[in-house]
Amino acid sequence: MRLVTIEKIRISVGSASVLGLGGLAQFKNPPTTCYIMTFKKGHCMANCGFCPQARSSKSSIEKLSRVNWPIFSFKDFLTKLKYMPFSKKFKRICIQTLNYPENFNDLIEILTQIRPYTDIPISVAIPPLTKEKLIELKNRGVQRIGIALDGATSEVFEKIKGSNVEGPYKWEEHFQKLDEALDIFSPGYVSTHIIIGLGESEKDVIELIKRLNNLGIIISLFAFTPIEGTRFENLNQPTLLNFRKLQLGRFLIINNEKQLNDFTFNRKGEIIKINMRKKELNMIINNTNAFLTSGCPGCNRPFYTSKPSGPIYNYPRKLTEKEKLEIYELLYKFVN
Ligand code: SF4
């Protein structure tokens with residue numbers, strides 16, 4: 001393997017602030033995971049229509065979703081990681097990997113350099129890789145792996161990151177890679193995410209969540225967020241009602257509380273009823289987990305898809321009483 005010397009790394013602005021890098025102000029809801037991203041001059045080779053890093057995007061290259069990821073010296077990052085006070089310690093490190101020819105070598109170098117400094121669990125979000133490369137990542141101490149489907153159906157997938165946007169990805173291949181990742185990392189250690197608001201129906205999402213959950217894949221939901229300069233800059237975010245129904249549906253399915261036949265859909269594929277009582281709904285809202293950022297343990301991704309001023313789709317912290325009430329007001333009509 002080529003010997004790589006990483007000089008630069010991108011770090012999400014929230015994680016950089018917790019690390020004490022760049023004189024950034026402290027955030028009210030700081031990230032509990034350290035989010036870093038492989039550094040590449042120029043854009044990702046893929047062309048996902050929602051993504052500021054995409055090949056044909058005119059957005060700031062600093063961004064992934066609505067968050068800024070400034071460049072830092074990799075050496076400074078390692079030093080900050082090493083001397084981080086215990087009280088500020090992250091629960092996890094998550095490495096976002098762009099699609100470019102040297103991405104795997106860069107990733108291996110980053111992993112090799114980080115490991116002597118910390119024993120925090122590491123997750124890696126990657127474009128599909130070969131089985132051999134996945135095994136190598138596992139051997140290098142990666143605990144969890146994420147391969148993003150983003151689209152809830154093969155049609156949406158084509159439209160947002162496949163041939164319709166001259167992207168390299170294929171729905172079937174993504175599934176095959178998720179399957180291979182399950183063999184290597186085990187069920188419960190492989191994740192994917194679905195972006196809501198790109199033309200799929202609620203039925204599509206619920207059925208996909210069920211399919212993925214049966215395979216042992218962890219599912220995160222994100223609200224589509226239009227970013228200036230991307231191909232999809234003029235599309236709207238999903239409604240809060242649409243997103244809350246799906247957060248609830250996801251929670252019910254992954255906790256085995258409901259099956260597909262507990263959901264009733266109309267002809268447009270919208271959820272019109274969930275077979276549960278209002279008391280049950282109240283308990284789930286009070287527990288709040290259904291409405292927090294979902295993903296690997298310890299991941300809260302503050303304001304990745306929501307402005308701090310709201311509306312907040314995925315909460316990075318427990319809900320307030322007022323927020324619980326707002327969610328109940330949206331959802332109670334859909335239960336018995
Ligand atoms: S592969 Fe990831 S970073 Fe690259 S364009 Fe798609 S979403 Fe953006």
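**Backbone exceptions and a ligand shell**

Asp150 counts as buried, with 21 C-beta neighbours inside 10 Å. The cut-off for that label is 20 or more other C-beta atoms within 10 Å. The model is predicted. Asp150 sits in the loop between strand E8 (142-146) and helix H5 (154-161). Its backbone deserves a look. Asp150 is not a glycine, yet its phi is positive, about 65°. Most residues other than glycine have a negative phi.

Ser186 also goes against that tendency. Its phi is positive, about 80°, and Ser186 is not a glycine either. This residue belongs to the loop between helix H6 (171-185) and strand E9 (190-196). Is Ser186 buried or exposed? Ser186 is exposed, because 12 other C-beta atoms lie within 10 Å and the label applies at 12 or fewer. Asp150, by contrast, is buried.

Next comes a peptide bond. Most peptide bonds are trans. The bond that joins Gly310 and Pro311 is cis, with omega at about -5°. Where does Pro311 lie? Pro311 is in the loop between helix H9 (278-287) and helix H10 (321-331).

Now turn to the ligand. Which residues are around it? Three cysteines are listed: Cys44, Cys48 and Cys51. Ala46, Ala54, Leu98 and Pro127 are also around the ligand. So are Gln53, Asn99 and Lys161. By class, the shell divides into seven nonpolar residues, two polar and one charged. Lys161 is the charged member, because Lys counts as charged.

Note on methods. Residues numbered from 1 in each chain as written. Predicted model: local features only at pLDDT ≥ 70, side-chain atom pairs only at ≥ 80, totals over all residues. Near = placed C-beta within 6 Å. Helix = DSSP H or I, 4+ residues; strand = E, 2+ residues; numbered from the N terminus.
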